[in-house]
Amino acid sequence: MEEKPKLIVICKGKSCSKDGANKLLNYLQKQCSNNCKITTKHCFGKCGNGPIVFTLPQQKFYDHVNFEKGLEILNNDNY
């Protein structure tokens, strides 16, 4: 059975953008392999804790995501 790719959703709302979501998005897109897909959402409603990242199929939210934490999320299925 073929494994579905991990979906990483980065918040691009006003607060998260101010906190570096655009730089995080660009960085993770360069690091992403074929086993993941990165997309954005306007806002998760968790303002002030950004950048916010949500992953599927894990259905987990991560707050204050920097480059290092983003790489851990990208490369670790259980993170």
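Let's start with cysteine 47. Where is the closest cysteine sulfur to the sulfur of cysteine 47? It sits in cysteine 43, 3.9 Å away. That is too far for a bond. Here is the cut-off you need: a disulfide takes two cysteine sulfur atoms within 2.5 Å. So at 3.9 Å, the sulfur of cysteine 47 has no bond to the sulfur of cysteine 43. Cysteine 47 is exposed, by the way, with a relative accessible area of 53%.

One thing to keep in mind throughout. This is a predicted model.

Now, how many disulfides do we count here? One. It joins cysteine 32 to cysteine 36, with the two sulfurs 1.9 Å apart. Look at the two ends. Cysteine 32 is partly exposed, at 23% relative accessible area. Cysteine 36 is buried, at 10%.

And cysteine 16? Cysteine 16 is in no disulfide. Its nearest cysteine sulfur belongs to cysteine 11, and lies 3.5 Å away. Apply the cut-off again: 3.5 Å is not within 2.5 Å, so this pair does not count. Is cysteine 16 buried or exposed? Buried, at 3% relative accessibility. Compare that with cysteine 47, which is exposed.

Next, the helices. Two packed helices are described by the angle between their axes and the distance between the axes. Our pair is H2, residues 21–31, and H3, residues 67–75. Their axes come within 10 Å. They cross at roughly 40 degrees. What do we call that arrangement of H2 and H3? Oblique. Angles under 35 degrees would count as roughly parallel, and 65 to 115 as roughly perpendicular. Roughly 40 degrees falls in neither group, so the word for H2 and H3 is oblique. As for the hand, the crossing of H2 past H3 is right-handed.

Which residues make this contact? From H2, we have Lys23, Leu24, Tyr27, Leu28 and Gln31. From H3, we have Phe67, Gly70, Leu71 and Leu74. Sort the residues of this contact by type, and you get six nonpolar, two polar and one charged.

Find lysine 23 on your screen. Lysine 23 lies in helix H2. It is exposed, with a relative accessible area of 62%. So lysine 23 takes part in the contact with H3 and still counts as exposed. Now find lysine 12. Lysine 23 and lysine 12 are 11 residues apart in sequence. From C-alpha to C-alpha, they are 11 Å apart in space.

On to strand S3, residues 53–56. I picked two residues from it. The first is valine 53. Valine 53 is buried, at 1% relative accessible area. What does valine 53 touch, once we set aside neighbours within four places in sequence? The answer is Ile8, Val9, Ile10, Leu24, Lys60, Phe61, Tyr62, Val65 and Ile73. Take isoleucine 10 from that list. Along the chain, valine 53 and isoleucine 10 are 43 residues apart. In space, their C-alpha atoms are separated by 4.7 Å. And Leu24 you have met already, in H2.

The second is threonine 55, also in strand S3. Threonine 55 is buried, with a relative accessible area of 1%. Leaving out residues up to four places away in sequence, threonine 55 touches Leu7, Ile8, Lys60, Tyr62 and Ile73. Ile8 and Ile73 are among the contacts of valine 53, too.

Now the backbone. Which peptide bond runs cis with omega near 0 degrees? The one from glycine 50 to proline 51. Proline 51 is in the loop between strand S2, residues 36–41, and S3. The bond from leucine 56 to proline 57 is cis as well, with omega near 10 degrees. Proline 57 sits in the loop between S3 and strand S4, residues 60–62.

Glutamine 59 is in the loop between S3 and S4. It is not a glycine, yet its phi is positive, about 55 degrees. Glutamine 59 counts as exposed, at 59% relative accessibility.

Last one: histidine 64, in the loop between S4 and H3. Its phi is positive, about 50 degrees, and again this is not a glycine. Histidine 64 counts as partly exposed, at 44% relative accessibility.

Key:
Residues are numbered from 1 along each chain as its sequence is written. This is a predicted model: local features need pLDDT of at least 70, side-chain atom pairs count only at pLDDT 80 or more; totals for chains, interfaces and linings use all residues. Side-chain values use heavy atoms; hydrogens and water are left out. Buried means under 20% relative accessible area, exposed over 50%, partly exposed in between (1.4 Å probe, protein chains only). Helices (H or I, at least four residues) and strands (E, at least two) are DSSP runs, numbered from the N terminus. Contact means heavy atoms within 4.5 Å. Axes are lines fitted to C-alpha atoms, for helices over the stretch in contact, and angles run from 0 to 180 degrees between N-to-C directions. Angles under 35 degrees count as roughly parallel, over 145 as roughly antiparallel, 65 to 115 as roughly perpendicular and the rest as oblique. A crossing is left-handed if the near helix is turned anticlockwise from the far one by less than a right angle, and right-handed if clockwise. Ala, Val, Leu, Ile, Met, Phe, Trp, Tyr, Cys and Pro count as nonpolar, Asp, Glu, Lys and Arg as charged, and the others, Gly among them, as polar.
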